[in-house]
Amino acid sequence: MLEVKHLEKSYQKDKPALTDISFSVEPGTFVAIIGPSGAGKTTILRSLNQLIKDDGGQILLDGGDLRTANKTQLRNYRRQIGMVFQNYNLVERLTVIENVLHGRLGYKSTLAGMFGRYTNEEKQEAMTLLQKVGLEDFALQRCSELSGGQKQRVGIARSLIQHPKVILCDEPIASLDPASSQTVMQLLKDLTTEFNIICIANLHQIGLAKDYADRIIGIRQGKMVFNEESDALSEKILETLYDQNVTEELN
Amino acid sequence: MQTPVNYLARKHWKQTGTIALIGSIYLLSSWILKFDGLTGIVAIPKAFSWLGINFKPTANSIHFLPTIWQKLIGTVLLAIASTVVASFIAIFVALIGAKATGGNALVQTVVRGIASFFRNIPLVAWAMILLFSFKQSDFTGFLALLLMSVGYLIRAFMEIIEDEASETMLALKATGASYFQVIFQAVLPQIMPSLISWILYMIENNVRDATLVGILTGTGIGFVFDIYYKSFRFDAAGMTVLSIIVVVIVLEVLSNQIRKVIL
């Protein structure tokens, strides 16, 4: 279980980016975080694996606090948390299977990882996962030759090979066409159930969030204004979440 | 009141003013230096025809070819050797100095400082300084080219790392990969094409520069040219220049081909 308690962050003094964010997620749940640009969605997501150092609160993964972890402990936490990026962040020059295997680096000794010495089991698993995301025929192609949707599926396979408890998706479909977006969202939803993991995705597409997510968290100006089952998201809540006038008044 | 219309009009006047300013700076400095640009330009055709007549290689110049090519190949190899060693040094220093992969702000500033120190001392000055310690030898030329290249490559590599590797680094860091794993599995593979492209450019550049350094250090093709020139064997000097041009063009074509394949 992932528990976030009273998370705080500010990039500049007296201008909080996040105030008192608290929520908890059970395994097997797909959560969508929605809200206007600049609301703090990415900051929340990147705090969860400490790519951004937040200023206060607690982030508990199965009871252990990521925020107070030392370097080795943090590495252990990070390998249990997969991450999927808007721009895929693959090493484009390398092949698909090499990129998938990068997900194992957190489990390997420094030297074995540096020179890419993976075990046969790891390679087998990479192939199984590529099959799962429908890319088994592309294993030896360079990532630069793939389409956006295919690249994102490589990114998902890379996170799955970490045997994650949590997958964080930072705008996973923002650079994709509608058809690829559907594929990726369906894939994330299916994997969440199949592997019984927690999937948290930042999304701008409210329609897709409602269709695929189990739960929706609404963020506005660094504050959590909504945290319920996706069916409970009403027009009225969306209006307050995205209303430009209210935003300008608050400023 | 700033309206879009008068903003654009003002911008237009600013541009005209800038051009006029540059023009007047030229005129003013020519006047101070008593420099007559027009006479210089008029003299160019005459200069070239003199060059064509005197430096034109003749049938006789062919005798010099074996000596020229022997020295030229040596010079090219020296330029390649110095660039390769410089690249090795530069990539490590650049990793330490780049914001994405390196140390704190102090380390970054120090590395930038070192790079710009080596870069901003002219090559000729390096060669002349090193002459005191290493005398007239190939090694002096090698070292002068090396130091200069290191300065350039550190700067270039640092920018490449910043531009091309930051995103993938982040992804691998998030998987729990350690520092050296991130460097070897993400940063180096990602930047390799740009790296090689810069190294090729530096080799081309160093072949040209090696000629100049050779004149000072008394080695390589530069030395050969110097001897022919000073003993008034202009046709042989012309042959030397022609050979250098051929080699540089061949190298450029070759490295463009390599770039096409790797990119």
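The crossing of α5(B) and α7(B) is right-handed. A crossing counts as right-handed if the near helix is turned clockwise from the far one by less than a right angle, and left-handed if anticlockwise. Helix α5 spans residues 123-134 of chain B, and helix α7 spans residues 179-217 of chain B. They pack at an angle of about 35 degrees, with their axes 10 Å apart. Axes are lines fitted to C-alpha atoms, for helices over the stretch in contact; angles run from 0 to 180 degrees between N-to-C directions. Helices (H or I, at least four residues) and strands (E, at least two) are DSSP runs, numbered from the N terminus.

On the α5(B) side, B:Leu123, B:Val124, B:Ala127, B:Met128 and B:Leu131 make the contact. On the α7(B) side, B:Asp209, B:Leu212, B:Val213, B:Leu216 and B:Thr217 do so. Two residues are in contact if their C-beta atoms, placed from the backbone, lie within 7 Å. By class, this contact has eight nonpolar, one polar and one charged residues. Ala, Val, Leu, Ile, Met, Phe, Trp, Tyr, Cys and Pro count as nonpolar; Asp, Glu, Lys and Arg count as charged; the others, Gly among them, count as polar.

This is a predicted model: local features need pLDDT of at least 70, side-chain atom pairs count only at pLDDT 80 or more, and totals for chains, interfaces and linings use all residues. Residues are numbered from 1 along each chain as its sequence is written, while chains are lettered from A and ligands numbered from 1 in the order in which they are written.

**The six-stranded sheet**

Chain A holds an open sheet of six strands with mixed pairing, in the order β6-β7-β8-β3-β9-β10. β6 (81-84) and β10 (223-229) of chain A each have a single partner strand, so one side of each is left without a neighbour in the sheet. Neighbouring strands are turned by 15 degrees against each other on average, direction ignored. Two strands pair if DSSP finds at least two bridges between them.

The table lists strand pairs of chain A, from this sheet and from elsewhere in the chain.

| Strand pair | Sense | Bridges | Residues opposite each other |
|---|---|---|---|
| β6(A) and β7(A) | parallel | four | A:Gly82 and A:Ile167 |
| β3(A) and β9(A) | parallel | four | A:Ile34 and A:Gly218 |
| β9(A) and β10(A) | antiparallel | six | A:Ile219 and A:Met224 |
| β1(A) and β2(A) | antiparallel | seven | A:Gln12 and A:Lys15 |
| β1(A) and β4(A) | antiparallel | five | A:Leu2 and A:Leu61 |

Strand β9 covers residues 215-220 of chain A. Six of its six residues are buried, so the strand is largely enclosed by the rest of the structure. A residue is buried if 20 or more other C-beta atoms lie within 10 Å of its own, exposed if 12 or fewer, and partly exposed in between, with C-beta atoms placed from the backbone. A:Arg215, A:Ile217 and A:Ile219 point one way from β9(A). A:Ile216, A:Gly218 and A:Arg220 point the other way.

**Turns and positive phi**

β9(A) and β10(A) form a hairpin with two residues between them. In that turn, A:Gln221 has a positive phi of about 50 degrees. β1(A) and β2(A) also form a hairpin with two residues between them. Its turn holds A:Asp14, with phi near 60 degrees. A:Asp14 is exposed, with 5 other C-beta atoms within 10 Å.

In chain B, B:Phe232 has a phi near 60 degrees. B:Phe232 lies in the loop between α8 (220-230) and α9 (234-262) of chain B. It is exposed, with 10 other C-beta atoms within 10 Å. Most residues other than glycine have a negative phi.

**Core and interface**

The largest nonpolar core has 127 residues. Such a core is a set of buried Ala, Val, Leu, Ile, Met, Phe, Trp, Tyr and Cys residues joined through C-beta atoms within 7 Å. Those with the most contacts inside it are A:Val100, A:Cys199, A:Ile200, B:Phe157 and B:Ile161. Helix α6 (residues 138-174) of chain B gives the most, with 20 residues. A:Cys199 touches A:Phe30, A:Val31, A:Ile167, A:Cys169, A:Leu188 and A:Thr192, not counting residues up to four places away in sequence.

Between the chains, 23 residues of chain A are in contact with 19 residues of chain B. On the chain A side, α2 (71-78) and α4 (110-114) are the elements that give two or more residues. The largest share, three residues, comes from α4(A). By class, that side has nine nonpolar, ten polar and four charged residues.
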